[in-house]
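These are my notebook entries on a structure that I had not examined before. I set down what I looked up, topic by topic.

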Amino acid sequence: VNHAAATGTGTGVLGDTKTLNTDSYSGGYYLRDITKPMYSTGGKIETYTANYGTALPGTLLTDADNVWTDRAAVDAHYYAGKTYDFYYNKLGRNSFDNRGATLKSTVHYSRNYNNAFWNGTQMVYGDGDGSQFTSLSGALDVVAHEITHAVTERTAGLVYENQPGALNESFSDVLGNLVENKNDPKWLLGEDVTTPGIAGDALRSMSNPNEYGQPGHMNEYQNLPNTREGDWGGVHINSGIPNKAFYNFVTTPGITKDNAGKIWYRALTQYLTSYSQFIDARNATIQAATDLFGANSLEATAVANAWASVGVG
Ligand SMILES: CCC(=O)Oc1c(C)cccc1C(=O)O
Ligand SMILES: [Zn+2]
């Protein structure tokens, strides 16, 4: 029997019910989405389990009755689909390579693993230790953050150290929140999966980076060693500065999330390169705003002001 798109249902990490795009093939259901434009060139969204080991990609998930109970897998699959849709519909990008590459995710990676990452080929999600995190695929901003690492790798190629690395992190936080598109005035990251025992906290805050130990201005830039212990020069620390710049921009009256996303995406994919510094991101986002809205537009002016407000430019 050939592949046939099917619609299943599943329970997500937070206990919610979701409708899933699955593939009914050779008598079973596979956690494989073959409904997207990427399928015209063979691209799919596939979700695997590492079964608490570290061999990747692990085993493609199957189910007998198309009712899915692996909560981490349900959300990894569903949120990868949402992220694909955002990039395709809002930014005109066909998967992370812009050529419809298959989006592969693996859940249940290792044990008590408080981490999620893009490994150059696929997304990988731990289940957390139940205290610091619950299953990390349970948050759309996290999933979109990881997939944006892939986009950045294929476009600007911002190296994961010092200022380019902090920009790499920031673009993933920015797109992560734009894809999540929640009514979250604080522009938090990871709020749905951090500390399941504590309400209202998050991994990072774009509106107030200081709340989670990040600088929100160049005056507070942290010169950390370019080592694992130093977070490669503080890529998850100093990202607070470009994050705050984006927050100041997107909350400027008259600026829409859609237009802010187009400007940041155009800067990332058309102007930034491997060793771009914060000042280069300032210039690239001003240029992108100028390209899209004009030199004297509200957008171009607000971008310059936003970077100036965090001490860049
Ligand atoms: C918002 C998603 C995120 O930051 O994921 C990470 C976690 C949870 C730990 C270590 C690294 C990352 C990352 O993707 O940078
Ligand atoms: Zn990241």
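For the entries on secondary structure I take helices to be DSSP runs of H or I with at least four residues, and strands to be runs of E with at least two, numbered from the N terminus. I note at the outset that the model is predicted.

**Entry 1: the largest pocket**

I began with the largest pocket, whose volume is about 880 Å³. I found N115, A116, Y160, E169 and H236 to be the closest to its centre, out of 32 lining residues. Which helix gives the most to the lining of this pocket? I recorded α2, which contributes five residues. At least two lining residues each come from β10 (116-118), α2, α3 and α4 (231-234).

**Entry 2: the zinc ion**

I next looked up the zinc ion (ligand 2) and its donors. H145 and H149 each coordinate the ion through NE2, and E169 does so through OE, at 1.9 to 2.0 Å. I wrote the spacing of these donor residues in sequence as H-x3-H-x19-E. H145 belongs to helix α2 (residues 140-154) and E169 to helix α3 (residues 162-180), so that the pair, 24 residues apart, links distant parts of the chain. Are H145 and E169 buried or exposed? I found H145 buried, and E169 likewise. E169 therefore appears twice in my notes, as a donor to the zinc ion (ligand 2) and among the residues closest to the centre of the largest pocket.

**Entry 3: the five-stranded sheet**

I then traced an open sheet of five strands, in the order β7-β3-β2-β1-β8, with mixed pairing. β7 (62-63) and β8 (67-68) are the edge strands; each has a single partner strand, so one side of each lacks a neighbour in the sheet.

I followed the pairing inward from there. Strand β1 (residues 4-11) and strand β2 (residues 17-25) run antiparallel and are joined by eight bridges. Along this pair I noted A5 opposite D23 of β2, and G8 with L20 of β2 as its bridge partner. The two strands form a hairpin with five residues between them, and G15 in the turn has a positive phi of about 85°.

On its other pairing, β2 meets strand β3 (residues 28-30) in the antiparallel sense, over three bridges. S24 has Y29 in β3 as its bridge partner. Two residues lie between the strands of this hairpin.

I also checked what lies across the sheet. Helix α1 (residues 71-91) crosses β1, β2 and β8, and runs at about 85° to β2.

**Entry 4: backbone angles out of the ordinary**

I looked here for exceptions to a general pattern. Most residues other than glycine have a negative phi, and most peptide bonds are trans.

S26 is not a glycine, yet its phi is positive, at about 40°. I placed S26 in the loop between β2 and β3. S26 counts as partly exposed because its relative accessibility is 43%.

W187 likewise has a positive phi, near 50°, in a residue other than glycine. I located W187 in the loop between α3 and β12 (188-189). W187 counts as buried because its relative accessible area is 8%, and the cut-off for buried is under 20%.

The peptide bond from L56 to P57 is cis, with omega near 5°. P57 sits in the loop between β5 (45-49) and β6 (59-60).

**Entry 5: helix α5**

How many of the eleven residues of helix α5 (residues 240-250) are buried? I recorded nine, and the helix is mostly covered. Among the buried residues are I241, F246, Y247, F249 and V250. I found that the buried residues of α5 pack against α3, α6 (257-271), α7 and α8.

**Entry 6: A295**

My last entry concerns A295, in the loop between α7 (278-293) and α8 (298-309). Why does A295 count as exposed? Its relative accessible area is 54%, and exposed means over 50%. Leaving aside neighbours within four places in sequence, A295 is in contact with T290 and A300. I also noted that A295 and L203 lie 36 Å apart in space, C-alpha to C-alpha, and 92 residues apart in sequence.

Notes
Residues are numbered from 1 along each chain as its sequence is written. Chains are lettered from A and ligands numbered from 1 in the order in which they are written. This is a predicted model: local features need pLDDT of at least 70, side-chain atom pairs count only at pLDDT 80 or more; totals for chains, interfaces and linings use all residues. Side-chain values use heavy atoms; hydrogens and water are left out. Donors are N, O and S atoms within 2.8 Å of the metal (3.2 Å for Na, K and Ca); water is not among the atoms, so sites may look incomplete. Buried means under 20% relative accessible area, exposed over 50%, partly exposed in between (1.4 Å probe, protein chains only). Contact means heavy atoms within 4.5 Å. Two strands pair if DSSP finds at least two bridges between them. Axes are lines fitted to C-alpha atoms, for helices over the stretch in contact, and angles run from 0 to 180 degrees between N-to-C directions. On a 1 Å grid over the protein atoms alone, a cavity is a set of points where a 1.4 Å probe fits but cannot get out, and a pocket is an open set with protein on both sides within 12 Å along at least five of seven lines; lining residues have an atom within 4 Å of a point. Grid points are joined across faces, edges and corners, and a volume is the space filled by probe spheres set on the points.
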